[in-house]
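Colleague: Could you take me through the contacts in this model? I'd like to start with the nucleic acid and then move on to the protein interface.

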Number of protein chains: 2
Amino acid sequence: MTREVPTPRGTTDRRRERVTIRAVAARAGVSAMTVSNVINRAGRASPATVAAVRAAVEELGYVPNVVARRLARARATTVGVLYAGERTPFLDAILVGALRATNARGLQLVLYHEEQLSLDAAEGAVLSLARSGADALLLVPPFAELLCDSAVLAELALPVAAIATDQVAPGMSTVRIDNRAAMADLTALVVARGYRRIALVAGRRDYSVSAARIAGFQDALAAHGLPSEAGLIVEGGFDVASGEAAARRLLARDVRPDAIMCSCDDMAAGVIAEAHRRGLRLPHDLAVTGFDDTMVAARMWPSLTTVYQPAEEMAFRATEQLIGAGDGDLVANDLIVAHTIVERESTASLRAVIT
Amino acid sequence: MTREVPTPRGTTDRRRERVTIRAVAARAGVSAMTVSNVINRAGRASPATVAAVRAAVEELGYVPNVVARRLARARATTVGVLYAGERTPFLDAILVGALRATNARGLQLVLYHEEQLSLDAAEGAVLSLARSGADALLLVPPFAELLCDSAVLAELALPVAAIATDQVAPGMSTVRIDNRAAMADLTALVVARGYRRIALVAGRRDYSVSAARIAGFQDALAAHGLPSEAGLIVEGGFDVASGEAAARRLLARDVRPDAIMCSCDDMAAGVIAEAHRRGLRLPHDLAVTGFDDTMVAARMWPSLTTVYQPAEEMAFRATEQLIGAGDGDLVANDLIVAHTIVERESTASLRAVIT
DNA sequence: CTGAAAGCGCTAACAT
DNA sequence: ATGTTAGCGCTTTCAG
């Protein structure tokens, strides 16, 4: 219990008096502008002043007020994220990555959830995002596909970045992995573990990554001299239920596949559930793989062999690219980041399991 | 391809000219101040002016600039979230909830990740959060426990809210479920499904919810006349690995439990993995339950019976409470939200499974 | 009930 | 190399 003393310091004591740029300026014996220069532009002040200002900043514990900064600056200050569908672990990772990036620069992140997947709806979403202050856009699949030719979006002339897509469009930055190569790598692993009748639960057709992954799958089969049977590729909807449905179809075949690869972890969860339900012993009777390496991959059993797509990192990079676009030239560029094959228990080699 | 015409409108065309409050004022034939009044304070303007302003806002598509608003206002404008440990589905849900709440009011959300779980570290984190502009704090477990008696935090005099905790402290708002009742309800369900030797993988001791859940577990056992055997309660660390470890201990006992309840979904995932590994048939040989109903619960097999703790909603509410605390009186209050028992396959009744 | 003045904290653009 | 002036868009007094 501290004694109730009439507040001695300052006028109102309402909040701990913020240290402003003027306080620093006074302390360092320079003008506010000089402090600003020291902080923001390198080599605009003499070494002596820089030192003095730095010292003052240190002593006072000054941290620039991001709000004031944003108001004064002309550059982009709020990034809008446009996404659709249910929240998934993959999406959450993206949101957190974008949030970290905006946090780092004191910018605002605005979420917009649009359920409809039509061009009209997407354009409406973009418009209201722009209206509520977004001056840069981060697109989550499948909005890059939807908006790549949008006149409305072009008219707005905002920097736009799309993530986890295979749709590269002019005027739109992209941050993605090489989906085709990733799926080929993963398929090669499954083959190496001894599986031969390999099925694929592909993603939705309107997501550009889906086709790339199918191509990678077929690349690898061909490379290993395995036949690519049309019936062993079925289309899913990227969710658990569609994985279960696909597994039901695949496992009802006369000759069952001995491995089912999936275009996302959630569908793999569905496949695994269905396999368990039918009493199959995993991974001996059936290997399963996912894609993305979301948080669920290591939490199911058998733990899931999958491709790590660094969603959070990708969102972070894309957001930084968006932010950077404010001052520099806003060239759209296409960044391909590394993926990683993560081998877990769901593809344990046939031999190893028998042992 | 649109023709390249010298931009006719405005000076620079740099950005789509923002509609400012002054534009609206001009359109409505009033002063900027009146527009502000119409928007922010009810009943401060005559019905006629209100109508005129509303019309002007509508026609121009005016949306207030949140940055300018925040700079001008005195109230809380940036909420800091203090969290620790690995990112989990539960934590992500909290972050998204908080983000939605700040978005709704045009405020900033700042994340701070502190790995150390000591009072000193926590106070340091709070301080640097405050320094970087946070004027309200959202505490994720176990920071409420850590900081409830902190003099540093008290000195700062910021509104603070803690979420998903059982630690209610004066001067700190809380949003939580009734953990004891929730665990009792869930235990009652397990008993009702025919399981009798029920074990519990409790949470870490330094999280206040852990004790409450143990109490609820014991309440229910007592209510049903079942003995509470000390050896059947083991402490876990809220992660998958600790769930596996706990399952190893529990399943190695002479008389195996027929159900293992866990204080979070992740530990349940670990228990399920270990049970599968030992060749147990789930849920017949062993029922498992989780807690939280995170996104993994429905993605494992058997799908997990658990308690839905509305993490996103709780974070949203807590953040709103924090924001509201800015203008009104900052009374700390303790909000208990409803939990829901979610029954899935992991506790299918013994009879049903045998059929 | 309405509006004029002043300024939140910072940074362009221009002097000096 | 440094400082002056002006103003980002809004809201808080406090007068009319």
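Colleague: How far does a polar side-chain atom of Thr49(B) lie from a phosphate oxygen of DNA strand C?

Modeller: That distance is 2.7 Å for Thr49(B), which is within the cut-off for a polar contact, a pair of N or O atoms within 3.5 Å, where within protein one must be able to donate a hydrogen and the other to accept it, and residues adjacent in sequence count only if both atoms are side-chain atoms. This is a predicted model, in which local features need pLDDT of at least 70 and side-chain atom pairs count only at pLDDT 80 or more, while totals for chains, interfaces and linings use all residues. Side-chain values use heavy atoms, with hydrogens and water left out, residues are numbered from 1 along each chain as its sequence is written, and chains are lettered from A and ligands numbered from 1 in the order in which they are written.

Colleague: Which other side chains reach a phosphate oxygen of strand C?

Modeller: Among them are Ser36(A), with a polar side-chain atom 2.9 Å away, and Thr34(B), whose side-chain N or O atom is 2.3 Å from a phosphate oxygen of that strand.

Colleague: And how many residues surround DNA strand C?

Modeller: There are 25, with Ile21(A), Tyr62(A), Arg69(A), Thr34(B) and Ser46(B) the closest; a residue is near a strand if one of its heavy atoms lies within 4 Å of it. Of the strand C atoms within 4 Å of the protein, 66% belong to sugar or phosphate and the rest to bases.

Colleague: Switching to strand D, what does Ala68(B) do there?

Modeller: A backbone N or O atom of Ala68(B) lies 3.5 Å from a base nitrogen of DNA strand D, whereas Thr34(A) places a polar side-chain atom 2.6 Å from a phosphate oxygen of strand D.

Colleague: Now the protein interface: how much area is buried between chain A and chain B?

Modeller: About 4,600 Å² is buried, with carbon and sulfur atoms giving 55% of it, where buried area is the accessible area (1.4 Å probe) that two parts lose on being put together, summed over both. Arg87(A), Arg299(A) and Trp301(A) supply 15% of what chain A buries against chain B, more than any other three residues.

Colleague: Which residue of chain B forms a salt bridge with Arg87(A)?

Modeller: The partner is Glu312(B), the closest N and O atoms being 2.2 Å apart, and the rule, a side-chain nitrogen of Lys or Arg within 4 Å of a carboxyl oxygen of Asp or Glu, finds six salt bridges across this interface.
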